[in-house]
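Here's a quick briefing to keep beside the model while you look around. Have the viewer open and follow along.

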Amino acid sequence: MNMPTSPAHQKACSATLQLQEALKKYFGYDEFRPLQQEIIDDALARRDVFALLPTGGGKSLCFQLPALLRDGVTIVVSPLIALMKDQVDALRTSGIAATFLNSTLDANEARARFRGLHRNEFRLLYVAPERLMMETFLESALNWNIAQIAIDEAHCISEWGHDFRPEYRELKKLRAQFPDVPIMALTATATKRVRDDIVKQLKLRQPRCYVASFNRPNLIYRVMPKSSAYQQVLDFVRARPNESGIVYCASRKSSDALAEKLTRDGIKALPYHAGMESKERTRNQEAFLRDDARVITATIAFGMGINKPNVHYVIHHDLPKNIEGYYQETGRAGRDGLPSECVLLFSVGDVVKQRRFIEEKSESEQRIAHEQLRTMIAYAETRECRRATLLRYFSESWPPARSAADTAATTGRGEISCHGCDNCLEPRETFDGTIAAQKFLSCVHRVEAKQGFGFGLNHIVEVLVGGTNEAIERRGHDQLSTFGVGKDLPREQWQRIGRELLRLGLVEAAPGKFATLSVTDAGMTALRKRTPITLTKPFEAPAKKVRVPRAGEIECDEELFERLRTLRRRIADERDVPAYIIFSDATLREMARACPQNKNEFGQIGGVGQRKLKEFAEPFLAEIREYLRTNGTVIGSPPRSDRLLV
C-alpha cells in the first residue's frame, strides 16, 4: 500500500529533481560528489556556509550551481588573477554567463563589464580580494543584486593558515558592507584552529560547516630512496609521454636547473618560482595549462587553485617541510578522478638541509618546524599504509570502520590494504630486530641514567658504534656497557632503527631543536621482557610489480582516446582556451570506452552538458565513427558519469 506523501516531502523531492536537472544540463553529470548537494541546499536557503572539500572534491560547483538557480550575481573572491580567465572560459563554454574583473583588462573592457553588471547580465563575477575591497568597487557593488559572496581559498584569511595573505584580512569588512548577503567560505586544507579562525574573521552567522574526507582514493603514494635524482625524474617522466606533471623542488635554483635539463633531454619543461618576473611566471603557467609544456618544475609558489584536471603525477624532488604542505601539493594530481601518482624522493641528506633551514628561524618557530619535520620523516620511512598515515595526521581514520571488513583486502601483515601506496602494493621486507632494538633502548636508558638527562639520536648512535669524540669522552660515555656494541652496523642503519623505534612508540623525543631521546614505558617493558620486535629493512626496488585495479581507472581504446585528444586540442586552439575546458581526459576516456553513435548516446557521457552537446557532438561523433569504420567495432561499457569529478 502506497502511503501519501506530505507537501513538505513533495517540495523537497521537487527541489532535488531541479538540482539534478541543472547539474546535468550545465555540467553534464548525473550525481553530486559527497556533500555538494547539502552545501548547495544551504546556499539556496541563504545560509552562511563553511566548506572544506579536498582538491578535486568539487568546491566550485557549490557556488556555481546555486548562481544559476536564482536571480542576481554571485561574487567569487579568488587570489589567482592568472586563472580567472580560464575559470570564466570554462563556465562560458558550458553556457553560463560569467565574467571577471582584474588588472589584466584595459579600461574600455573593464567599463563594459561594469555596465553588464549594472544591467544584471552576469550570474558569476570573479574578482581578486584587493580589487573587491577598493572603496570605488564596493560603492558600485551596492547597486547590484548580489545573491551570494563565495570566498575561495578561505584559509588565506587566517594567520594560523599555511598560506596567510594580508589582502585577505580586509574581507572581514564584507559583513558590515553587505549585511544581508550570505557568505560561503571554501578551502581544501585547514586544521580545526584555522577553520574556527575563518568563521570568526568573516563573521559568519550560525554557519553550516561541512568537512569532507581528506581521502583521495585515485592517488597512489610512493616514496623512493633518492639516489640519482635527475635520472629518477627523467625515467619517470619518459615513461609517461602523454601525461602532465609537476615536480616540486626545494629551491629556485634547482627548479631552473631541472627544467633546463629535462628540456635538453627532449621533454618540454618550464620552471615556476617567486624569483621570476611576474610576466614570465604567468607565461609559463599558461603554457602548462594549455599542454604546451608537459612538466612544471616549481617551488611551493606554484599550484594553489590550479584548475588543471589532467595533472597525473606530482614528484617531490626534495623533502617537503611538513605533512600539510605535502598533502596540498600532492592534491594537485588527479583532479579529474583518474589514477595519478605522487612520488617522494627521500634521502637523509635532504633532512640535514631542512634542519639547517630551520636553524635560521626564531627559537619558537624552530620548535614547531622541528616537530613538523620529524612527522614528515616518519611518513617517509613508515612501513604502514601511507594513506592511513596521511589521514591520521588530519584526525581521520582509514578505512572507515563500517566498510573495512566488507571491501578491503589485507596486506601480508594482516593490515588493511589501500591498494594505493607502495607499502600496501609492495610491502617492504621486515626482520627480527629484537637484538638491535635491545641495544638501542639500553644505550638510551644508560646514557640518560648516567647523565641525568637525555641526548639526541646522533649522540646515541656514536656511542653504539664506538665513536670517539670530545662529547663522549668528557662525559664518560665510552665507559658505558653499551659503548661499541653496535659496531656491526653502519651509522645510517642505526639512525633508521632509532627513527623506527620512535615511530613504534618505544622511544620518545623531547620537543625542540635537540630532540633528546628517552625510553617510554612501553620501551622499558620491551627491554625488561625481551619482547620480540620486528623492524623494517631499508628501501629496495621491488622484485616485481603486482597489477591491481586502480581507483578511478577507466579502461578504453587507447588509440581512439589519443585521436579524441588530438581533436580536442585542435578545437581548444581554435577557441584559444586550454584543452580541458572543452572536455576532461576522464570524459574522453568514457567516449573511447562507450563509443557513442548518436547525439542521444553522446549526451549520456559524464561531462557533456547541453551546451557542449550542441557545440561539440558532431566533430567528436564523426571522429568516433571514422575510427570504428577503419578499425572495426569496439565494444564498450555503459558510461559511468558518477566516477567523474565535477
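Does Leu527 count as buried or exposed, and why? This is a predicted model, and there Leu527 comes out as buried because its relative accessibility is 17%, with the cut-off for buried set at under 20%. Below is a bit more on that residue, and then a look at a six-stranded sheet.

**Around Leu527**
- Leu527 is part of helix α24, which covers residues 521-529.
- If you skip the neighbours within four places in sequence, Leu527 is in contact with Gln438, Leu441 and Ser442.
- Take Gln438: in sequence it sits 89 residues from Leu527, yet their C-alpha atoms are 6.0 Å apart in space.

**The sheet**
- Six strands make up an open sheet with parallel pairing, and they are ordered β8-β13-β12-β9-β11-β10.
- At the edges you'll find β8 (219-225) and β10 (269-272), each of which pairs on one side only.
- On average, neighbouring strands here are turned by 20° against each other, ignoring direction.

**Helices packed on the sheet**
- Helix α13 (residues 278-289) packs on the sheet and touches β9, β10, β11 (295-298) and β12.
- The direction of α13 makes about 140° with that of β10.
- Helix α16 (residues 363-381) also packs on the sheet, where it touches β8 and β13 (340-346).
- Between the directions of α16 and β13 the angle is about 110°.

**One strand pair in detail**
- Strands β9 (residues 244-248) and β12 (residues 311-316) run parallel and are joined by five bridges.
- Within this pair, look for Ile246, which stands opposite Val314 in β12.

Conventions: Residues numbered from 1 in each chain as written. Predicted model: local features only at pLDDT ≥ 70, side-chain atom pairs only at ≥ 80, totals over all residues. Heavy atoms only, no water. Pairing = 2+ DSSP bridges. Helix = DSSP H or I, 4+ residues; strand = E, 2+ residues; numbered from the N terminus. Axes fitted to C-alpha atoms, helices over the stretch in contact; angles between N-to-C directions. Contact = heavy atoms within 4.5 Å. Buried < 20%, exposed > 50% of the residue type's maximum accessible area, 1.4 Å probe, protein only.
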